[in-house]
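Here is a short briefing on one protein chain. Look over the sequence and the model, then work through the points below.

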Amino acid sequence: MEHKSEFLDFIRERGYLYQCTNIEGLDQLLSQNNYIVAYIGFDCTAPSLHVGHLIQVMMLRHLQKFNYKPIILLGGGTTKIGDPSFKDKKRSILSIENIKQNTSDIRKILEKMVSFNDSKTGAVIVNNADWLDSIKYIDFLCDIGAYFSVNRMLNFDSIRIRLDKEQNLSFSEFNYMLLQAYDFIELNKKYNCRLQIGGSDQWGNIVNGIELGKKLNLPELFGLTTPLLLNSQGVKMGKTKSGAVWLDDNMLKPYDYWQYFRNVDDQDIGRFLRLLTDIPIDEIKKLESLKGKEINEAKKVLATEAVKICHGEKEAELAQYASVSAFENGNSSLLSEYTITKEQVVNGISLVDLLNNTSLEPSKGAAKRLIQGNGCKINDHTINDINYMINSENFKSQSFIKLSAGRKRHIKIIVNKVKK
């Protein structure tokens, strides 16, 4: 299906377009206006965004490329409640201080990836605590709550699935939909915002904002959702055995971020290149057509482009150089480091424990299975003894050892050196 709007054609071809409240109406609006305002929201439940948020970050960038103005809404207010959408249980409530700090940290990350300036397309960051914190509850229920049907709210999948599992849904969480809908109204009034973009799990919340706008006689508002970032097995991206894949370089080094994308499944290459990079489609088609070992070159391009967007061109070049040096040229000096103490070396530390402690394996059981399957190496020599101990003998010839789990996961073990 071709659209009048170049923007809609672009995001459809790249794989971003999942659902839209009125695709024909939005197409008409975009084709007739060289300038619209759209917003994407992020709650502040952690000090960093992770790779699961990347599609929304890319949408912010693409809006600017088409000369539209993006608003980034940080949920300093809604984070106090927590979005119940498709969650099995209530989120832990953060302190006001934590939310403020997370909001500040996330802003710094976004400022690296999206253009903030005084032009008409320069991104704007707003915090919904600025208006939600001052709401008078009774007035809010009368002015806004009256437009919402509890019957209809209970029918949204995001709520119904939670209730079907007989998991508790607090009254405050139930009100999250009202607050997000109200956010859209506020942004329309202040910035003439006409479009909200979010992940597919936000469909119910977005629809409520659209319908509230109609009942308040506002110009037609539009909602557009993107697919969730899933791998070829249908699993949400964003977490690994070692933890979340954060966008903050203090929480995950650019080198490890590069490695994460270098090691994605072959089947995911084309889709991730479309969704997570700025590479033109024609070039992507050439990269995804590579076969056999050549597909690794496409993975390197994906990894480098992903780091470039998140951390900048210099860090991308350094991460690629470090990886090629470590894995292709045998230079262990550029591997990530894990420190053990002199006492551990003297007394001996179990290889199973070390694999688990370094997060190369998620559990001691997994570490044992790796060793028994000949997947563990020390300085490129296979170790198949699950009782193997790391001790001073391993450090006689050099000041570190290279510990490998499989072909793609490696770490440098050093003694009594401050970890960078």
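Strand β3 is covered on both faces. On one side, Lys-69, Ile-71, Leu-73 and Gly-75 are all buried. On the other side, Pro-70, Ile-72 and Leu-74 are buried too. Keep in mind that this is a predicted model.

**Strand β3 and its neighbours**

- Strand β3 spans residues 69-75, and seven of its seven residues are buried, so the strand is largely enclosed by the rest of the structure.
- In a regular strand, side chains alternate between the two faces of the sheet.
- β3 pairs with β2 in the parallel sense, over seven bridges.
- One bridge partner pair here is Ala-38 and Pro-70, the latter in β3.
- β3 also pairs with strand β4 (residues 124-127), again in the parallel sense, and four bridges link them.
- Across this pairing, Ile-72 stands opposite Ile-125 in β4.
- Leu-74 likewise stands opposite a β4 residue, Asn-127.
- Helix α3 (residues 54-65) joins β2 and β3 in a right-handed β-α-β unit.

**The six-stranded sheet**

- Which strands form this open sheet, and in what order? The order is β1-β6-β5-β2-β3-β4, and the pairing is mixed.
- β1 (19-20) and β4 stand at the edges. Each has a single partner strand, so one side of each is left without a neighbour in the sheet.
- Strands of a sheet pair through backbone hydrogen bonds, either parallel or antiparallel.
- Strand β5 (residues 195-199) is mostly covered, with five of its five residues buried.
- β5 pairs with β2 (residues 37-43) in the parallel sense, over two bridges.
- Tyr-39 has Gln-196 in β5 as its bridge partner.
- β5 and strand β6 (residues 222-226) run parallel and are joined by five bridges.
- Gln-196 has a bridge partner in β6 as well, namely Gly-223.
- From β5, the chain crosses through helix α11 (residues 203-215) to β6, and this β-α-β crossover is right-handed.

**The five-stranded sheet**

- Another open sheet has five strands, in the order β9-β15-β14-β11-β12, with mixed pairing.
- Its edge strands are β9 (337-340) and β12 (381-382), and each pairs on one side only.
- Strand β11 (residues 376-378) and β12 run antiparallel, joined by two bridges.
- Ile-378 stands opposite His-381 in β12.

**Nonpolar cores**

- Which residues touch the most other members of the largest nonpolar core? They are Tyr-257 and Phe-261, in a core of 70 residues.
- Helix α15 (residues 295-311) gives the largest share of this core, eight residues.
- A second, separate core has 33 residues, including Leu-73, Ile-159, Tyr-182 and Ile-185.
- Leaving out residues up to four places away in sequence, Tyr-257 touches Val-51, Leu-54, Val-245, Trp-246, Leu-247, Leu-252, Ala-306, Val-307, Cys-310 and His-311.

**Lys-112**

- Lys-112 lies in helix α4 (residues 96-113).
- Is this residue, Lys-112, buried or exposed? Lys-112 is exposed, with a relative accessible area of 51%.
- Beyond its neighbours within four places in sequence, Lys-112 is in contact with Asp-249, Ile-309 and Cys-310.
- Lys-112 and Gly-312 are 200 residues apart along the chain, and their C-alpha atoms are separated by 7.9 Å.

**Cysteines**

- How many disulfides does the model have? The count comes to zero.
- A disulfide needs two cysteine sulfur atoms within 2.5 Å.
- For Cys-193, the closest cysteine sulfur is in Cys-20, 13 Å away, which is too far for a bond.
- Cys-193 counts as buried because its relative accessibility is 0%.
- Cys-376 is buried, with a relative accessible area of 0%.

**Confidence**

- The protein chain has a mean pLDDT of 89, and 94% of its residues reach 70 or more.
- Where is confidence lowest, and where is it highest? Confidence is lowest in strand β7 (residues 239-240), at a mean of 64, and highest in β6, at 98.
- Where pLDDT is low, the predicted coordinates should not be read in detail.

Methods
Residues numbered from 1 in each chain as written. Predicted model: local features only at pLDDT ≥ 70, side-chain atom pairs only at ≥ 80, totals over all residues. Heavy atoms only, no water. Buried < 20%, exposed > 50% of the residue type's maximum accessible area, 1.4 Å probe, protein only. Pairing = 2+ DSSP bridges. Right-handed = clockwise from strand over helix to strand, strands pointing away. Contact = heavy atoms within 4.5 Å. Core = buried A, V, L, I, M, F, W, Y, C linked by side-chain atoms within 4.5 Å. pLDDT = per-residue confidence, 0-100.
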